[in-house]
Amino acid sequence: MTTAADYSEKIPNNVGLHEDRRLQRALESWQPDFLSWWGSMGPALPTQDVYLRTAVNVGREGWAHFAHVPMPEYRWGIFLAERDPGRRIGFGEHKGEPAWQKVPGEYRSALQRLIVVQGDTEPASVEQQRNLGATAPSLYDLRNLFQVNVEEGRHLWAMVYLLHAYFGREGREEAAELLRRNSGSADAPRILGAFNEETPDWLSFFMFTYFTDRDGKYQLGTLKESGFDPLSRTCEFMLKEEAHHMFVGTTGVDRVVERAAQLMTEHDTDEVAARGGIPLSVIQKYLNFHYSVSLDLFGGETSTNVANYYTAGLKGRWNEPRRTDDHKLTSESIMVDTVTGDGEIGQSEVAALTGLNTDLRREYVADCQTGVNRWNRILDSAGIDFRLRLPHVAFNRKVGAFAGIEATPSGELLRTEEWERRQGSWLPTEVDKTHVRSLMRPVHERGKIAAWIAPPRNGINGKPFDYEYVHFP
Ligand SMILES: [Fe+2]
Ligand SMILES: [Fe+2]
């Protein structure tokens with residue numbers, strides 16, 4: 001089994017693609033469709049080349065290579081983490097059996113569905129971020145945007161490989177559909193709600209990479225446990241790339257908060273909008289929005305589908321190997337959020353298997369809190385009292401137990417009329433969005449940065465901030 005990527009092939013890969021001519025031909029015929037999708041739905045800003053990392057190996061050391069590449073010539077490839085020949089299924093009714101190298105017939109449609117839903121999110125985010133290049137606050141940020149975009153494109157390749165290699169004609173049809181659906185399209189939208197929202201400005205982009213890419217991390221984490229070994233190995237490698245996307249979000253918000261704090265201190269005022277910054281109250285509203293739509297991505301509090309996926313060994317829990325229970329959960333229970341008979345926010349006890357979405361969402365919520373703490377430390381060290389916070393899980397939800405109610409960010413129930421009247425103090429209003437958009441002017445000059453955001457502490461791959469990360473035609 002090879003781990004080094006073969007770049008002599010049309011499609012770089014470490015799966016020995018040349019040994020399977022049929023599969024190779026099928027993927028090579030999908031490739032031009034991918035490239036034409038990239039051309040029409042990918043980054044709109046014309047560039048000559050971009051300082052990008054490309055995966056060259058999946059091993060622990062030195063998996064990435066950095067160089068200036070023209071984006072359409074980026075070598076999207078198929079990379080699976082190294083195979084562990086002794087790997088066994090870690091949970092569910094097949095626990096202890098050898099991991100599957102082929103799709104078990106009885107789980108074929110469920111597995112295909114899981115792969116399609118994951119695969120659909122990858123190109124969706126590229127589409128959502130298509131126009132951001134035109135307003136990048138610096139060359140460093142522009143480069144990071146494009147890095148995220150090419151890697152989401154590669155994640156699409158990762159899922160399309162599985163569909164082509166293991167799911168026959170139906171898989172090939174699904175792979176074609178992944179390029180046909182588009183974010184926000186009226187007749188063929190992306191499958192999940194958050195992936196049909198626009199990403200119109202860079203504050204939204206940073207919030208998206210912090211909150212929504214982090215949802216991706218948790219979904220990939222559950223699929224990494226899958227008994228279907230090729231899916232597990234694919235997701236394991238995707239998680240490595242995903243870490244950078246979340247880094248972009250975490251440090252992006254850091255820098256917006258830092259700049260707001262600087263302006264507040266410098267001018268001794270909260271009114272930083274007039275000084276070219278983004279007010280903390282507006283940052284909080286963007287946070288509220290992106291966090292709540294990302295919570296929806298975890299689905300309902302209870303789900304029999306997910307219970308079945310778990311029992312079948314298709315989709316595990318976050319950190320499954322570190323859990324100390326029996327990894328079958330047939331006799332465990334969990335408290336999940338609910339709206340009680342009197343219409344109050346409460347909890348109820350359900351079988352642990354049906355509450356698995358809740359389990360995953362809670363892991364995610366705890367992780368989200370770490371970023372908020374970090375942003376608050378920036379405020380604290382600037383001597384500012386304002387604190388950012390995650391809104392209550394019932395706030396602005398469209399999926400799950402709280403879909404039918406309205407709640408404030410602190411979790412008080414509201415009548416619909418009151419929600420309508422007050423939501424503008426919790427979610428970005430047209431005025432907020434217009435203001436944020438008005439700050440979005442491109443800074444494409446080397447070493448310069450827009451006034452609404454602080455420069456990063458470090459550049460990419462040891463390069464300085466004023467490195468020429470992007471060349472223009
Ligand atoms: Fe991704
Ligand atoms: Fe991502």
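A crossing of two helices is called right-handed if the near helix is turned clockwise from the far one by less than a right angle, and left-handed if it is turned anticlockwise. With that in hand, let us walk through this structure, which is a predicted model.

Our tour starts with helix H6, residues 229–267, and helix H9, residues 356–381. Two packed helices are described by the angle between their axes and the distance between the axes. For H6 and H9, the axes come within 9 Å and cross at roughly 20°. Angles under 35 degrees count as roughly parallel, so H6 is roughly parallel to H9. The crossing of H6 and H9 is right-handed. If you would like to find the contact for yourself, look in H6 for Thr250, Thr251, Val253, Asp254, Val257, Glu258 and Ala261, which meet Arg374, Trp375, Ile378 and Leu379 of H9. Sorted by class, the residues of this contact of H6 with H9 are 6 nonpolar, 2 polar and 3 charged.

H9 has another partner in helix H7, residues 280–296. The axes of H7 and H9 lie 12 Å apart, and the packing angle is about 170°. Angles over 145 degrees count as roughly antiparallel, and H7 and H9 are therefore roughly antiparallel to each other. From H7, the contact takes in Leu280, Leu287, Tyr291, Ser294 and Leu295. On the H9 side you will find Arg361, Tyr364, Val365, Cys368, Val372, Trp375 and Leu379. The contact of H7 with H9 is made up of 10 nonpolar residues, 1 polar and 1 charged. Notice that Trp375 and Leu379 of H9 appear in the contact with H6 and also in the contact with H7.

Between H6 and H7 runs a loop, and Asp268 lies in it. Most residues other than glycine have a negative phi. Asp268, however, has a positive phi, near 50°. Asp268 counts as exposed because its relative accessible area is 70%. Asn319 also has a positive phi, near 55°, and sits in the loop between helix H8 (304–312) and strand E3. Its relative accessibility is 29%, so Asn319 counts as partly exposed.

For a contrast, turn to Gln219 in helix H5, residues 202–223. Buried means under 20% relative accessible area, and Gln219, at 14%, therefore counts as buried. Leaving aside residues up to four places away in sequence, Gln219 touches Gln118, Leu297, Phe298, Lys315 and Leu360.

Now for the strands. Strands of a sheet pair through backbone hydrogen bonds, either parallel or antiparallel. Strand E3 (residues 333–339) and strand E4 (residues 345–351) take the antiparallel option, over 7 bridges. Within this pairing, Ile334 has Val350 of E4 as its bridge partner. E3 and E4 form a hairpin with 5 residues between them, and Gly343 in the turn has a positive phi of about 80°.

The last stop is an open sheet of 3 strands, in the order E2-E1-E7, with antiparallel pairing. Its edge strands, each pairing on one side only, are E2 (64–69) and E7 (470–471). Strand E1, residues 49–55, is joined to E7 by 2 bridges, and Val50 stands opposite Val470 in E7. Helix H3, residues 139–166, packs on this sheet and touches E1, E2 and E7. The direction of H3 makes about 45° with that of E1.

Key
Residues numbered from 1 in each chain as written. Chains lettered and ligands numbered in written order. Predicted model: local features only at pLDDT ≥ 70, side-chain atom pairs only at ≥ 80, totals over all residues. Heavy atoms only, no water. Axes fitted to C-alpha atoms, helices over the stretch in contact; angles between N-to-C directions. Helix = DSSP H or I, 4+ residues; strand = E, 2+ residues; numbered from the N terminus. Parallel < 35°, antiparallel > 145°, perpendicular 65-115°, else oblique. Contact = heavy atoms within 4.5 Å. Nonpolar A, V, L, I, M, F, W, Y, C, P; charged D, E, K, R; others polar. Buried < 20%, exposed > 50% of the residue type's maximum accessible area, 1.4 Å probe, protein only. Pairing = 2+ DSSP bridges.
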